[in-house]
Amino acid sequence: MQAENLFSPDYATARQRFCDAAEELGWKLESFPREGSGPNDELLLTDAASCPVEDRAKVLVITSGIHGVEGFFGSAVQLALLRQWKQHGNPAVKCLFLHGLNPYGFAWRRRFDENNVDLNRNFLLPGEVFDGAPPTYARLDSFLNPQRPPSRWDPFLAKATWLITRYGITALRQAIASGQYDFPKGVFFGGHQPSTLQPLLEQNVPTWLAGSQKVVHLDFHTGLGPKGTHKLLIDYSLSDWQRDCLTNWFGLESFEESQSSGIAYEARGGFGRWCVEKNFAPMYLYACAEFGTYGPVTVLKGLRRENQAHHWGKPNNPATRSAKEHLHELFCPHDSKWRSRVIRDSCELVNQAVAGLTAEA
Ligand SMILES: [Zn+2]
């Protein structure tokens, strides 16, 4: 399988290929219209595909695109899996694939949704409030979120270097990327209320997972960690059985809990923690499968510039287009070696999960 052929040039193509591949496998497809429209007036939908199997006790859930532009990668992974199973037959467990969780961000090539919400900061639990920002974020607002179109002359790197010297990269990353609820046009904004994705999931996941006992959910992301490598990131407290599954199926080095001092940071409103807290199944294991692309300063620079262009630039202006094209590259590099490696490793992760699920009595 040529990895290169799995990556689509735009959201509409990716979605069509996903739906076609799922139907060719005989999977049930459901499509959910979402808010807004794409840059070419295309409809925006989240698609759910599930394979029909008798035994519903064990379920593999694969989701992608909650961070919009990362859907280029996630969609390619889902297509690779569907094609793999077309060749070798459906896996022995029930599968549920959700494609384009944030179709607006996918179509417009941005991380955030139609309300500028970072959906992976939006899943607050009951009792948590959509309010507040880390004090350092508030101090850096004018640097992170300039209220003007991007300009050729932008002393980003000089300022970033100075900030890293002052605060340290770990503290700075935590302050900037952990989520904020006070700057609606800023980067990493978690929203002022639950997004429309939440009721969509609340209404449908119980039906999709009806009769399930044990669910393994891999949510595919890019943009953190060394280029081409991957980690399973966990944003909730693992129980013993969850830790055992991760260790036995993927290896001790394969995963990282957000409290540890590795590539991750502690974020508010994470999707995984919410899925686990919802008790959609008696046993629910979630992991964010995170694949590295570019370094953190380069990624932040690109996110900041795209956000600036999206809010303050003209939609078809060359500077706006180039900021979005660059973000696409940052979260889904065109380098064919990177593409082959991440597809190979993603399929391996999923095959390990299927093997782990089916091996247990
Ligand atoms: Zn992501």
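Which residue of β2 does K28 stand opposite? In this predicted model, the partner of K28 is S50 in β2. The two strands run antiparallel, and 7 bridges join β1 to β2, which spans residues 43-50.

This pair belongs to an open sheet of 8 strands. The strand order is β1-β2-β4-β3-β5-β8-β6-β7, and the pairing is mixed. The edge strands are β1, residues 28-37, and β7, residues 255-257. Each of these edge strands pairs on one side only. From one strand to the next, the twist averages 25 degrees.

A zinc ion is bound by protein donors from H67, E70 and H221. The two histidines each contribute ND1, while E70 appears twice through OE atoms. These donors lie 2.1 to 2.6 Å from the zinc ion. The site has 4 donor atoms, with angles of 55 to 149 degrees among them. Four donors count as tetrahedral if all angles lie between 85 and 135 degrees. The range of 55 to 149 degrees extends outside those limits, and the site is irregular. For reference, the ideal angle for four tetrahedral donors is 109.5 degrees.

Along the sequence, the donor residues follow the spacing H-x2-E-x150-H. E70 lies in the loop between β3 (58-64) and α2 (71-88). H221 is in strand β5, residues 214-227. E70 and H221 are 151 residues apart in sequence, so the pair ties together distant parts of the chain. Both E70 and H221 are buried. In the sheet order, β3 and β5 stand next to each other.

Two residues stand out in their backbone geometry. Most residues other than glycine have a negative phi. N116 has a positive value, near 65 degrees, and is not a glycine. N116 sits in the loop between α3 (103-107) and α4 (135-144). Its relative accessible area is 3%, so N116 is buried.

F188 also has a positive phi, of about 60 degrees, although it is not a glycine. F188 is found in the loop between α6 (169-177) and α7 (197-208). Is F188 buried or exposed? Relative accessibility is 4% for F188, which therefore counts as buried, since the cut-off for buried is under 20%.

Technical notes. Residues are numbered from 1 along each chain as its sequence is written. This is a predicted model: local features need pLDDT of at least 70, side-chain atom pairs count only at pLDDT 80 or more; totals for chains, interfaces and linings use all residues. Side-chain values use heavy atoms; hydrogens and water are left out. Two strands pair if DSSP finds at least two bridges between them. Helices (H or I, at least four residues) and strands (E, at least two) are DSSP runs, numbered from the N terminus. Axes are lines fitted to C-alpha atoms, for helices over the stretch in contact, and angles run from 0 to 180 degrees between N-to-C directions. Buried means under 20% relative accessible area, exposed over 50%, partly exposed in between (1.4 Å probe, protein chains only). Donors are N, O and S atoms within 2.8 Å of the metal (3.2 Å for Na, K and Ca); water is not among the atoms, so sites may look incomplete. Four donors count as tetrahedral if all angles lie between 85 and 135 degrees; four count as square planar and six as octahedral if opposite donors are over 155 degrees apart and all others between 65 and 115; anything else is irregular.
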